[in-house]
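The exercises below ask you to read strand pairing, burial and surface patches from a model, each with a worked solution. Please keep the sequence and the coordinates open while you work.

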Amino acid sequence: MRDIKVQSIRVIDRLISVLNCFSNEYPTLYIENIVEKTKLPKATVYRILWSLEQNGFIQYDDKENNYSLGHKFLEFGEIVKENQDVLKEAGAILSKVHIELGFPILMAVRQKESIQFLLAFENPDGIQSGSYVGRKRALNIGALGIALMAYLPLEECKKILNQLPLEKRTPYTLVDEDQFLERLDTIRQKGYFVEKDEVNVGFSGIGVPVFNRNQEIIAVIGTFGSNFDMNPKVNKKIIKTLKDTADQLSKRVGHLISLQGDLTFF
């Protein structure tokens, strides 16, 4: 749990205390049971239950005069299950690609002006990308972020560049905004992005987009390695494999991954 120095909201705390009264052992409760468990006034408990009932979080049995959890929690449960299933299935696919190529394999999604890594398969004895699960990086830095950025609307890209100006991380980093936007056009035409020496001299990265059923970008996969290992011949194989994998992910799990949602649940 995050350690944040803010005061909780009293009414929310009370609402949660009411919901926490329900369990596998006690799936249905009378209002008297909830009052006893929460130590809240009966009128307060009744108002909370009424609000929850109106929004589908609680259902009331007028024959038995008792309460149970409502259908809304089934919807939330399916959302959590789908997200977990997506990562599990994507993880299995990308793990095979990692073994096949022998390079680190990464998967990330957008989080506002950043990308956040959801999956990372590293080589324990090889070069580490440093892109651990949960880490965030600015969208306009590195192969994965720029590959994802290429599929955003132009005005949105300009807004991001206004908020996050391009920085010269190495002598080879592209920092001219007009040229950067032209590069995004090229990426869209090719369907992938190869970054070389722009984040770290001597190293390259490759990013490939993953789309949903509406052909909207929802994630990006890629890899990282030394320029010596990632020579043009090797890169050709990597790009083909990553593009084929991205197509596979798009068809099988891509439509379930939320581009805008907060996926910090690992």
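**Exercise 1.** Find the residue of β3 that stands opposite Q59, and place the pair in its sheet.

*Solution.* Q59 stands opposite S68 in β3. The strands β2 and β3 (residues 66-69) are antiparallel and are joined over four bridges, where strands count as paired if DSSP finds at least two bridges between them. Helices (H or I, at least four residues) and strands (E, at least two) are DSSP runs, numbered from the N terminus. Going outwards from this pair, one arrives at an open, antiparallel sheet of three strands in the order β1-β3-β2. Its edge strands, each of which pairs on one side only, are β1 (28-29) and β2 (58-61).

The model is a predicted one, in which local features need pLDDT of at least 70 and side-chain atom pairs count only at pLDDT 80 or more, while totals for chains, interfaces and linings use all residues. Residues are numbered from 1 along each chain as its sequence is written, and side-chain values use heavy atoms, with hydrogens and water left out.

**Exercise 2.** Describe how β4 is covered and which strands it is joined to.

*Solution.* Begin with burial, which means under 20% relative accessible area, whereas exposed means over 50% and partly exposed lies in between (1.4 Å probe, protein chains only). In β4 (residues 105-111), seven of the seven residues are buried. I105, M107, V109 and Q111 lie on one side and L106, A108 and R110 on the other, so that both faces are covered. Next, look at the partners: β4 runs antiparallel to β5 (residues 114-121), with seven bridges, and antiparallel to β9 (residues 217-226), with four. M107 ties the two pairings together, since it stands opposite L119 in β5 and opposite I221 in β9. Finally, β4 and β5 form a hairpin with two residues between them; K112, in this turn, has a positive phi of about 60° and is exposed, with a relative accessible area of 63%.

**Exercise 3.** Compare the two faces of β7 and follow the strand into its hairpin.

*Solution.* In β7 (residues 193-196), F193 and E195 make up the covered face, and V194 and K196 the uncovered one. β7 pairs with β8 (residues 203-211) in the antiparallel sense over four bridges, and F193 stands opposite G207. The hairpin of these strands has six residues between them, and D197 in its turn has a positive phi of about 65°.

**Exercise 4.** Locate K39 and state whether it is buried or exposed.

*Solution.* K39 sits in the loop between α2 (31-38) and α3 (42-54). Although K39 is not a glycine, its phi is positive, at about 65°. The residue is exposed, with a relative accessible area of 67%.

**Exercise 5.** Identify the residues of a nonpolar and of a negative surface patch.

*Solution.* Patch residues have over 30% relative accessible area and no salt bridge; like charges are joined within 9 Å, and nonpolar side chains (Val, Leu, Ile, Met, Phe, Trp, Tyr) within 5 Å. A salt bridge is a side-chain nitrogen of Lys or Arg within 4 Å of a carboxyl oxygen of Asp or Glu. The nonpolar patch consists of I9, V11, I12 and I16, with about 350 Å² of accessible area together. I9 belongs to the segment before α1 (10-19) and is exposed at 55% relative accessible area. The negative patch gathers D176, E177, D178 and E182. D176 lies in the loop between α6 (154-163) and α7 (177-190) and is partly exposed, at 34%.

Key:
Areas by Shrake-Rupley, 256 points an atom, 1.4 Å probe, with all protein chains shown as cover. Lys, Arg positive; Asp, Glu negative; His and termini not counted. Charge placed at Lys NZ, Arg CZ, Asp CG, Glu CD.
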